[in-house]
Amino acid sequence: MQPESTNGTDGGGLAVPMAWLCAEYVADELLRAGGLVEPGSLEYRAGRRTLALTVYLCGNPQASSGTGTEDVMEEWLALTAYGHPWEDWVRDRLAAREERDGDEDEGLGLARETWRLLESTQLLATDLGALSAAPAAGLMVDESARVWLPAWQVGLTLGHLALRLY
């Protein structure tokens with residue numbers, strides 16, 4: 001039986017570059033192991049995209065081989081930590097990759113599209129800014145108060161928590 005579509009396989013090759021597939025797999029495994037949100041939910045997808053983008057843009061070949069895993073996890077934790085300028089880091093990494101590799105980096109298009117989706121999608125969530133200020137001020141946060149946030153902010157928090165739980 002023939003596959004329904006062979007679009008984008010370019011003569012039998014993968015339609016999605018292996019580096020991007022690995023980054024998505026790692027992100028998916030981390031989020032599933034954390035069990036923080038229901039797989040398939042908007043929040044889950046935001047977390048998976050955010051983590052996949054982080055893993056991919058780190059470009060650490062040790063991550064897929066299993067060597068230096070502790071160092072890699074520490075790097076991802078630092079990048080996803082509250083207060084780290086992750087948004088700027090992503091933009092800088094995308095620009096550097098584009099300048100360095102241009103069209104040769106097949107995953108770059110997927111990374112750019114993922115970033116576009118994370119920026120343009122808004123999710124209704126608890127105000128993460130209020131959560132960070134409350135403990136310092138000794139205030140209680142009303143978790144039922146919701147604000148619209150870019151998907152990457154929700155995904156970044158979920159991703160960081162999933163990494164901590166792993």
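Hi everyone, let's start with one residue, T50. If we set aside the neighbours within four places in sequence, T50 is in contact with W86, L118, A151, W152, G155 and L156. One thing to say straight away: this is a predicted model.

Where does T50 sit? You'll find T50 in helix α2. And is T50 buried or exposed? T50 has a relative accessibility of 1%, and buried means under 20%, so T50 counts as buried.

Now please turn to L165, which belongs to helix α8, residues 151–165. The relative accessible area of L165 is 54%, and the cut-off for exposed is over 50%, so L165 is exposed. L165 also has company: together with L36 and L161, L165 forms a nonpolar patch on the surface. Those three residues add up to about 260 Å² of accessible area.

How confident is the predictor in all this? The protein has a mean pLDDT of 83, with 78% of its residues at 70 or more. Which element has the highest mean pLDDT? That is helix α2, residues 42–58, at 96, and helix α2 is also where we met T50. The lowest mean among the elements, 47, belongs to helix α3, residues 61–65. Over residues 61–67 the pLDDT is below 50, and that stretch has 4 contacts in the model beyond near neighbours in sequence.

Residues 1–5 also stay under 50 in pLDDT. How many contacts does the model have for them beyond four places in sequence? The count is 0.

One reminder for when you open the model yourselves: where pLDDT is low, the predicted coordinates should not be read in detail. Thanks for listening!

Methods:
Residues numbered from 1 in each chain as written. Predicted model: local features only at pLDDT ≥ 70, side-chain atom pairs only at ≥ 80, totals over all residues. Heavy atoms only, no water. Patch = residues over 30% accessible without salt bridge, like charges linked within 9 Å, V, L, I, M, F, W, Y side chains within 5 Å. Areas by Shrake-Rupley, 256 points an atom, 1.4 Å probe, with all protein chains shown as cover. Salt bridge = Lys/Arg side-chain N within 4 Å of Asp/Glu carboxyl O. Helix = DSSP H or I, 4+ residues; strand = E, 2+ residues; numbered from the N terminus. Buried < 20%, exposed > 50% of the residue type's maximum accessible area, 1.4 Å probe, protein only. pLDDT = per-residue confidence, 0-100. Contact = heavy atoms within 4.5 Å.
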